[in-house]
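Trainee: I'm new to this one. Could you pick a part of the surface and walk me through it closely, then show me a couple of other spots to set beside it?

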Amino acid sequence: MALSRFLPRPHLIAGLFAVALPAAAVEVPNHSFELPAGPFSPTGVSTAIDLWQQSPQPEWFDPNSFGVSWDSLSGIFPNSPAGDPRHITNADGGQVAYFFAVPQVAISQLLGSTFSADVAYTLTVGLRGGGALTAGSTFMVGLFYLDGVNPVTLGATSVTATANYATTTTLNEITVNVPALAAGDAAVGKNIGIQLAVTSPNGSAGVAYWEADNVRLAAVPEPEDYAVIAGAALLGGALWSRVRRQR
């Protein structure tokens, strides 16, 4: 039987270079802010978000001057029913996180999973603005690790509000991409940190806020050494050519 029947065709060998390794979902506890579960009374919102850590009150914030406590500036609320003009059409689950547009209002979480060498990471978050949020206000979505007690940002995306933010009924998909880490990188072996943070004041005196939901993290292993694959492909191609010439 001809050897050619068992050899891969050149176009199949070349296809080795186009194969993408599958991404693996990394668990993000309470990723869609369903905990604690409502209904909430008497305000209709919860200022606690299970498994997420709210940012500490900064020195410049005076609750007496602002008329609210720092911890009330972030929390979760129930999505309004379908048909309501405030309904978020692509929310995951029945609750969404809110952040008043005040600098340093933020939540974060250290996952049980750790950063690995030769793995790239993609963080995706649904986000929109609302109320009196003005164009130019900013929000940050990021991945970090702790160096002792100090957070070190590995990747972040800054989102700038536009004029139509207050009227949109959908969450925009915001992504953060962290390239594959080298084996000796300081982040390798450290717990993966996720942060959602308001990074600028609002431009008006009205009540302005951001809303976030459906926090997802994917890990994508890097391909094996392409030099090995290339060598195998070249060897296979040469063998194929030789067999063809001998027919």
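Mentor: Sure, let's start with a nonpolar patch on the surface, formed by Trp60, Phe66 and Val68. Together these residues have about 290 Å² of accessible area. Keep in mind as we go that this is a predicted model.

Take Val68 from that patch. You'll find Val68 in the loop between α2 (63-66) and β3 (74-78). Val68 counts as partly exposed because its relative accessible area is 35%, and the partly exposed range runs between the buried limit of 20% and the exposed limit of 50%.

Now for a residue on the buried side: Gln109, which sits in strand β5 (residues 106-114). With a relative accessible area of 6%, Gln109 is buried, since buried means under 20%. What does Gln109 touch, not counting residues up to four places away in sequence? The list is Val28, Pro29, Leu51, Trp52, Ile192, Gly193 and Ile194. Pro29 deserves a second look, as the side chain of Gln109 reaches the backbone oxygen of Pro29 at 3.2 Å.

Last stop, Gly203, in the loop between β10 (191-198) and β11 (208-221). Here the relative accessible area is 66%, so Gly203 is exposed. Gly203 still has contacts: leaving aside neighbours within four places in sequence, it meets Thr134 and Ser137. Try finding Ala132 too: Gly203 and Ala132 are 71 residues apart in sequence, yet their C-alpha atoms are 8.8 Å apart in space.

Methods. Residues are numbered from 1 along each chain as its sequence is written. This is a predicted model: local features need pLDDT of at least 70, side-chain atom pairs count only at pLDDT 80 or more; totals for chains, interfaces and linings use all residues. Side-chain values use heavy atoms; hydrogens and water are left out. Patches are made of residues with over 30% relative accessible area and no salt bridge: like charges are joined within 9 Å, nonpolar side chains (Val, Leu, Ile, Met, Phe, Trp, Tyr) within 5 Å. Accessible areas come from the Shrake-Rupley method with a 1.4 Å probe; for residues, only the protein chains shown count as cover. A salt bridge is a side-chain nitrogen of Lys or Arg within 4 Å of a carboxyl oxygen of Asp or Glu. Helices (H or I, at least four residues) and strands (E, at least two) are DSSP runs, numbered from the N terminus. Buried means under 20% relative accessible area, exposed over 50%, partly exposed in between (1.4 Å probe, protein chains only). A polar contact is a pair of N or O atoms within 3.5 Å; within protein, one must be able to donate a hydrogen and the other to accept it, and residues adjacent in sequence count only if both atoms are side-chain atoms. Contact means heavy atoms within 4.5 Å.
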